[in-house]
Amino acid sequence: MVIGTSSNVGKSILATALCRILTQDGHRVAPFKAQNMSLNSAVTPSGREIGRAQAVQAEACGILSNEHMNPVLLKPTGNMQSQIVLQGRPIGTRSAKDYFYDEKELLWWAVAESYQFLAQRHDIIVIEGAGSPVEMNLKQRDIANMRTAQMADASVLLIADIDRGGVFASIVGTLQLLDPNEKRLVKGILINKFRGDAGLFDEGRRWIEDYTGVPVLGVIPYIPNLAIDEEDSVGLSGDRYHQAKAIRNGIRVGIVQLPHISNFTDFDPLFLEPGVDASFCTSPEELHHVDAIVIPGTKSTLMDLRWLDNTGWTASIQRTVRGGAHVLGICGGYQMLGMEVHDPEHLESEIDTSSGLGLFDTVTTICADKTTVLVGGEFSGEFTGIPVKDYEIHMGVTEFPGARNPLAMTRRVYTDGAYAPPSDSAVPEGHMSEDGRIIGTYLHGVLHNDVFRNAWLNRIRRHKGLPLQEKATNVMAHRTEEFDRLAQVVRTHLDMSKLYDVLGLT
């Protein structure tokens, strides 16, 4: 099990590295995180929803994801409430107080069941903790850290981020606040995100080992520009999402950083494209000179629409569109492109209705039935002939009072783990404006379809009079290279023989 001295110390990335390394070494490995709080999620082949980090870790293991890898997922909706997703299915929305005091035994039963499901099918489970294991006001009700470690009798590695400072105090303080029967499970310490010559930390390493009695198994360097999906919105502060590229005659893409943004990793492929300067925008003025505006998903469409209107974003988006910019809205961003969004049951917020951006004549109603499904098919219109395979996660139905120009024709790829029958008819998905400049879709991962992404970007290049890019960037190959780069860096700076001793393996 990988636990951290605090949030954002690199637990998810190091757990991913261990998944890759142990898989490379021939073991059957699976990831597990008892409880995750994130708006970045993924759909499993059985149509269940889990945290994005565990789906990525499953990919690093070379296996399909399933709902048991993240039995409890909390998706904040605003107003100190979160939607609870239990073993991949939403069971309602709770306040933080109700969750921490009233739900735990039901949730713990699911955690134990899911862990056993994985343990019976794999040699090694790489468990990721959540936040800090010693939040003392919550510790008695914490199911994500040491209670899970004790259930699994796991060997625990404590991760500390030296880049943020205070590494000695954070390690000593965490160990001091663990109960003796919890502390005995901690078999090693990893110092993460070290910049410079690791030899300069030799004295610090010896001090930690002498003072705590716990060996330091590795000093992992800071890994720049690691293109692996971020777990949650904390990752949006990373350099790669905000540093402008020094490009000439390229495409500028502005992604609106919504307050309740979800699944922002949908846009990671744009940051890999040569000649594309993509960035998350935090002020309306940043959109004034972009060639394309991207509006991402959100866990609260109506609240974020109000925010767009009240902070000048709506006017900025509409002005930029009138100037000829292209627009791509995904999931909640697709809903925002219409005339209105209604939430009669107040499933997302206390707002009944919010006016949309008015770029489509559609109306969306938020409903309790949540769609979580993998779909496949073919793009339509000028993109006809390009295959698509993506997933949907949404709680809304979008209606078209006028003619519909679908982005794609899709059908369910899997139903409870099996292929949908070929007799299933394809259904229209998404919508495009008559001139093709404005596109809306419920398809998460649409930009991970290399051929479509290249065709969409070439459409913008053609509009600007720029040379077209003939060959699409291979995102999947790049992901594989990044998993292997991460594994190699960690393997090089981690005492692998001691790690295997900890695991009781050769």
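Trainee: What volume does the second largest pocket have?

Mentor: Happy to start there, with the reminder that this is a predicted model. Around the centre of this pocket, the nearest lining residues are Arg52, Glu59, Lys389, Tyr391 and Met476. The computed volume of the second largest pocket is about 930 Å³.

Trainee: Which element gives the largest share of the lining of that pocket?

Mentor: Several elements supply at least two residues each: strand 4 (41-43), helix 2 (52-61), strand 22 (387-399), helix 12 (450-464) and helix 13 (475-493). The largest share is five residues, and it comes from helix 2.

Trainee: How do the residues of that lining divide into nonpolar, polar and charged?

Mentor: Good thing to ask at the bench! The lining has 32 residues, with Arg52 and Tyr391 among those nearest the centre. They divide into 17 nonpolar, seven polar and eight charged.

Trainee: Let's move to Asn145. Is it buried or exposed?

Mentor: Asn145 sits in the loop between strand 9 (124-127) and helix 5 (146-152). Beyond its neighbours within four places in sequence, it is in contact with Met1, Ile3, Gly129, Ala130, Ser132 and Pro133. Its relative accessible area is 1%. The cut-off for buried is under 20%, so Asn145 is buried.

Trainee: Which side chain is joined to that of Asn145 by a polar contact of 2.9 Å?

Mentor: For this one, look at the side chain of Asn145 itself, which is buried. The polar contact of 2.9 Å joins it to the side chain of Asp142.

Trainee: Now the aromatic rings. Why do Phe271 and Phe280 count as a stacked pair?

Mentor: A pair of aromatic rings is described by the distance of the centres and the angle of the planes. There are eleven aromatic pairs by the rule used here. For Phe271 and Phe280 the centres are 6.0 Å apart and the planes lie at 10°. Planes under 30 degrees apart count as stacked, so this pair is stacked.

Trainee: How many residues apart are Phe379 and Phe452?

Mentor: Their ring centres are 4.3 Å apart with the planes at 10°, so this pair is stacked too. Phe379 is buried at 1% relative accessible area, and Phe452 is buried at 0%. The pair links distant parts of the chain, with Phe379 in strand 21 (residues 363-379) and Phe452 in helix 12. Along the chain they are 73 residues apart.

Trainee: Which residues do ring pairs link into a cluster?

Mentor: Here the links are made through ring pairs. The cluster is made up of Phe168, Phe194, Phe201, Trp207 and Tyr211.

Notes: Residues numbered from 1 in each chain as written. Predicted model: local features only at pLDDT ≥ 70, side-chain atom pairs only at ≥ 80, totals over all residues. Heavy atoms only, no water. 1 Å grid on protein atoms, 1.4 Å probe; cavity = no way out; pocket = protein on both sides within 12 Å on 5 of 7 lines; lining within 4 Å. Points joined across faces, edges and corners; volume = space filled by probe spheres on them. Helix = DSSP H or I, 4+ residues; strand = E, 2+ residues; numbered from the N terminus. Nonpolar A, V, L, I, M, F, W, Y, C, P; charged D, E, K, R; others polar. Buried < 20%, exposed > 50% of the residue type's maximum accessible area, 1.4 Å probe, protein only. Polar contact = N/O pair within 3.5 Å; in protein donor to acceptor, adjacent residues only side chain to side chain. Contact = heavy atoms within 4.5 Å. Phe/Tyr/Trp six-rings, centres within 6.5 Å; stacked < 30°, edge-to-face > 60°.
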